[in-house]
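Visitor: I am new to this structure and would like a close look at a single part of it. Please take the largest pocket and describe its surroundings as well.

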Amino acid sequence: MSIQHMNHSLRLFVDRLNTPIGQMLIVTDLEGYLRAVDWADYETRMNRLLRVHYGTDGLSLESTRAPNGMTDAISKYFQGDLAAIDTLPVKTGGTPFQSDVWRALRDIPCGTTVSYSNLAKEIGRPSAVRAVGSANGSNPVGVVVPCHRVIGTDGSLTGYGGGIERKLWLLNHEAGVRR
């Protein structure tokens, strides 16, 4: 879903948070919705994906503090308050199928994992395992929309846009902290 034909620019704000696994970029909008989360070492990719979803003419990015305590909530998650991010408001572009996958990701309990196959079954598309994998990999709001909780059927970690080391850290962090 592209909004590049709108007459006004979508103003997005980028905040930066130092975490135990690198600097995180937190992108929000004027209404206080979380639009994207990525790692500073992948900033070029994040900017490209934002333009894919929202168009090159309809987007501006400004560095500023995220509204509504968004960055503080994500910081609390990294400090061990895993529930701090559970209700953060998220608004993304993407296809209806991608949106279905991303909604299902938020239902995966913290400290657990699910296979791509089971996630496909969860959204009622059991034969769409590859498409689920692709949608999972296109998730613009990592950590908050926990794509890191999806693993291979054989238990392998498979890919993660922020790197396998970060995925492993996030899974260990969630498994090691009791809610």
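Guide: What follows describes the pocket, then the parts of the chain around it.

This is a predicted model, and the chain averages a pLDDT of 89, with 94% of the residues scoring at least 70. Over residues 1-7 pLDDT stays under 50, and the model has 10 contacts beyond four places in sequence for this stretch. Where pLDDT is low, the predicted coordinates should not be read in detail.

The largest pocket has a volume of about 340 Å³. It is lined by 26 residues, and those closest to its centre are Asp 38, Arg 45, Gly 137, Asn 139 and Gly 161. Strand 3 (34-39), helix 1 and helix 5 are the elements that each give two or more residues to the lining. Helix 1 provides the largest share, 6 residues. Sorted by class, the lining holds 12 nonpolar, 11 polar and 3 charged residues.

The pocket can also be placed by domain. The domain assignment splits off domain 1 (10-79) and domain 2 (96-176), and the contact between them takes 16 residues from domain 1 and 17 residues from domain 2. Taken over C-alpha atoms, the centres of domain 1 and domain 2 are 20 Å apart. Each of these domains supplies at least three residues to the lining of the largest pocket.

Two of the lining elements turn up again around helix 3. Helix 3 (residues 96-105) is mostly covered, with 7 of its 10 residues buried. The buried residues are Phe 97, Gln 98, Ser 99, Val 101, Trp 102, Ala 104 and Leu 105. They pack against helix 1 (43-54) and helix 5 (129-137), and also against helix 4 (116-122) and strand 6 (150-151). Helix 1 therefore both packs against the buried residues of helix 3 and gives the largest share of the pocket lining, where buried means under 20% relative accessible area.

Ahead of helix 3 comes a loop that starts after helix 2 (70-78), and Asp 81 is found in this loop. Asp 81 has a relative accessible area of 39%, so it counts as partly exposed. Its C-alpha atom is separated by 9.6 Å from that of Glu 174, although Asp 81 and Glu 174 are 93 residues apart along the chain.

Terms used. Residues are numbered from 1 along each chain as its sequence is written. This is a predicted model: local features need pLDDT of at least 70, side-chain atom pairs count only at pLDDT 80 or more; totals for chains, interfaces and linings use all residues. Side-chain values use heavy atoms; hydrogens and water are left out. pLDDT is the predictor's confidence in each residue, from 0 to 100. Contact means heavy atoms within 4.5 Å. Buried means under 20% relative accessible area, exposed over 50%, partly exposed in between (1.4 Å probe, protein chains only). Helices (H or I, at least four residues) and strands (E, at least two) are DSSP runs, numbered from the N terminus. On a 1 Å grid over the protein atoms alone, a cavity is a set of points where a 1.4 Å probe fits but cannot get out, and a pocket is an open set with protein on both sides within 12 Å along at least five of seven lines; lining residues have an atom within 4 Å of a point. Grid points are joined across faces, edges and corners, and a volume is the space filled by probe spheres set on the points. Ala, Val, Leu, Ile, Met, Phe, Trp, Tyr, Cys and Pro count as nonpolar, Asp, Glu, Lys and Arg as charged, and the others, Gly among them, as polar. Domain bounds come from an automatic or database domain assignment.
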